[in-house]
Each structure stands twice: as structure tokens, then as C-alpha cells.
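Please work through the following exercises on helix packing, nonpolar cores and backbone geometry with the model at hand. Each task is followed by a solution that goes step by step.

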Amino acid sequence: MNILSIDFDFFIDTTITTRNTIFPSAEDAEPSAVKKQWDLVYQHHPAVKKIGVIPAYDSFCSLLPSLAASATSRIADSHREIYPFITAQNPPEQQEPIRIMHVDFHHDNYCMYGSTLTCANWLRKIAEKYTCRFDNVTWVRREDSETVSLEGDFPYCSTTDFQCVFKEHYDLIFLCLSPEWTPPHLLPYYKKMAALLQ
């Protein structure tokens with residue numbers, strides 16, 4: 001089963017420094033809490049409103065309908081929602097291998113939070129769930145994405161070659177907003193992408 005996992009934060013045209021020092025520190029927080037934090041960001045760092053999307057956004061949107069034509073799609077706020085999406089479509093007792101094309105600024109293979117499923121560790125949780133059938137992962141990242149965690153380097157393939165996304169056929173496509181990483185003024189860009197999957 002081929003899975004395309006897309007986090008909208010990949011398309012945001014800003015640096016890791018801005019993300020880590022200015023964007024909200026919330027993670028899987030309540031929408032009202034995230035909104036309050038973004039209100040403060042805009043108040044104290046008005047230049048954030050000038051952030052747009054990278055050029056790859058337009059090419060991706062133009063090709064997304066063809067990628068989604070024969071796939072089952074799901075849209076969510078948090079990336080943690082991909083876990084029940086995958087397990088419902090491909091129960092662990094089945095024997096079909098799982099391959100994931102992961103388009104995201106973050107690798108989501110972090111080891112924190114113990115047994116709690118989050119937007120930061122869902123990939124690790126999927127690997128644990130499908131241990132003997134977890135075929136491969138390709139993480140499509142940005143040049144300045146953080147490639148390490150407490151356990152060392154990202155253990156699967158990673159690339160900045162965005163074109164590799166279009167060389168595969170997908171059975172499942174998942175898109176998430178990641179509101180804590182997406183400045184609210186970019187929401188129309190996300191909604192346009194989401195509409196292409198509906």
C-alpha cells in the first residue's frame with residue numbers, strides 16, 4: 001500500500017529559525033489556544049504576515065488531482081490523525097507492505113511523549129505497529145529541515161527532490177494543516193489544496 005502524507009507546513013516559505021523562534025510552541029493544542037498564540041505572534045512580529053508559500057506549491061496543486069484520482073483521501077488538522085486513517089484502511093493483521101511518501105518540514109519520527117500519539121511521533125508509532133511490513137519511507141523535506149532527534153539521524157530515506165512525489169501511484173493520500181506551524185493568513189492556500197482532494 002502506497003501512502004502519500006502531506007503536511008502543509010512543507011510549503012511555507014520561511015526558515016527553520018523563524019519557525020523555531022517566532023511560531024507558536026503549541027503542539028496538538030486546542031484551536032483557541034493556537035489562535036491566541038498566533039494573535040501574539042502577529043502582534044509582536046508583524047513581518048510574519050508577509051510570509052507566503054514556496055514555488056513548489058503551485059506545481060503540486062496542479063498535479064494533485066491526478067495523484068488523488070484513484071486514491072482514498074483524508075484531510076485533518078493534526079498529523080496524528082494519519083495513524084487511525086492508515087490502520088483503518090490497512091489493518092495490522094493484513095500482509096500488505098506499507099510504503100510512505102512523507103512531504104513535511106518535520107520528520108515526525110520523534111521519540112518523546114511515551115505511548116501518547118502526537119503529530120510529532122506518528123511515523124514512529126506506525127513503524128512500531130507494522131514492524132514486519134513496514135517496507136520503506138521517503139521523507140521529502142526542505143533544505144533546512146531538522147534531520148535528527150534524540151535517537152540520532154532520521155533512519156529512513158530523505159530527499160529535497162520534490163519531483164520524486166510524482167513518480168509514484170498512491171492508494172491513500174493524507175493532508176493536514178498543522179495549525180501551530182501555519183500562519184493563519186495562509187489558510188486560503190491550504191483550503192485550495194484540500195479542495196483538490198474532495
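The exercises below go from helix pairs to cores, and then to single residues.

The model is predicted, so that local features need pLDDT of at least 70 and side-chain atom pairs count only at pLDDT 80 or more, while totals for chains, interfaces and linings use all residues. Residues are numbered from 1 along each chain as its sequence is written, and side-chain values use heavy atoms, with hydrogens and water left out.

**Exercise 1. Describe how helix H3 packs against helix H6, giving the angle, the handedness and the residues in contact.**

Step 1. Helices (H or I, at least four residues) and strands (E, at least two) are taken as DSSP runs, numbered from the N terminus. Axes are lines fitted to C-alpha atoms, for helices over the stretch in contact, and angles run from 0 to 180 degrees between N-to-C directions.

Step 2. The axes of H3 (residues 56-68) and H6 (residues 187-195) come within 9 Å of each other and cross at roughly 25 degrees. H3 and H6 are therefore roughly parallel, a class that covers angles under 35 degrees, whereas those over 145 count as roughly antiparallel, 65 to 115 as roughly perpendicular and the rest as oblique.

Step 3. The crossing of H3 and H6 is left-handed; by this is meant that the near helix is turned anticlockwise from the far one by less than a right angle, clockwise being right-handed.

Step 4. With contact meaning heavy atoms within 4.5 Å, H3 takes part through Tyr57, Phe60, Cys61 and Leu64, and H6 through Tyr189, Lys192 and Met193. By class, six of these residues are nonpolar, none is polar and one is charged, where Ala, Val, Leu, Ile, Met, Phe, Trp, Tyr, Cys and Pro count as nonpolar, Asp, Glu, Lys and Arg as charged, and the others, Gly among them, as polar.

**Exercise 2. Carry out the analysis of helix H4 and helix H5.**

Step 1. The axes of H4 (residues 82-89) and H5 come within 10 Å and cross at roughly 25 degrees, which makes H4 roughly parallel to H5.

Step 2. The crossing of H4 and H5 is right-handed.

Step 3. On the H4 side the contact is made by Ile82, Tyr83, Ile86 and Thr87, and on the H5 side by Trp122, Lys125, Ile126 and Lys129. The contact of H4 with H5 thus comprises five nonpolar, one polar and two charged residues.

**Exercise 3. Which residues touch the most other members of the largest nonpolar core, and which element gives the most to this core?**

Step 1. A nonpolar core is a set of buried Ala, Val, Leu, Ile, Met, Phe, Trp, Tyr and Cys residues joined through side-chain atoms within 4.5 Å; buried means under 20% relative accessible area, exposed over 50%, and partly exposed in between, with a 1.4 Å probe and protein chains only.

Step 2. The largest core has 40 residues, of which Phe11, Val165 and Met193 touch the most other members. Two or more residues come from each of strand S1 (2-7), helix H2 (31-44), H3, strand S3 (98-103), strand S8 (172-176) and H6, and H3 gives the most, with seven.

Step 3. A second, separate core of 19 residues includes Ile3, Ile126, Phe154 and Cys176.

**Exercise 4. Where does Phe11 lie, and with which residues is Phe11 in contact?**

Step 1. Phe11 is placed in the loop between S1 and helix H1 (16-21), and at 0% relative accessibility Phe11 counts as buried.

Step 2. Leaving aside neighbours within four places in sequence, the contacts of Phe11 include Gly52, Ala56, Tyr57, Phe60 and Met193. Phe11 and Ala56 are 45 residues apart in sequence and 7.2 Å apart in space, C-alpha to C-alpha.

Step 3. Gly52 lies in the loop between H2 and H3 and counts as partly exposed at 24% relative accessibility.

**Exercise 5. Asp108 and Ser178 are not glycines; determine the sign of phi and the burial of each.**

Step 1. Asp108 has a positive phi of about 60 degrees and lies in the loop between S3 and H5 (122-129); at 4% relative accessibility, Asp108 is buried.

Step 2. Ser178 has a positive phi of about 50 degrees and is found in the loop between S8 and H6; Ser178 counts as buried at 4% relative accessibility.
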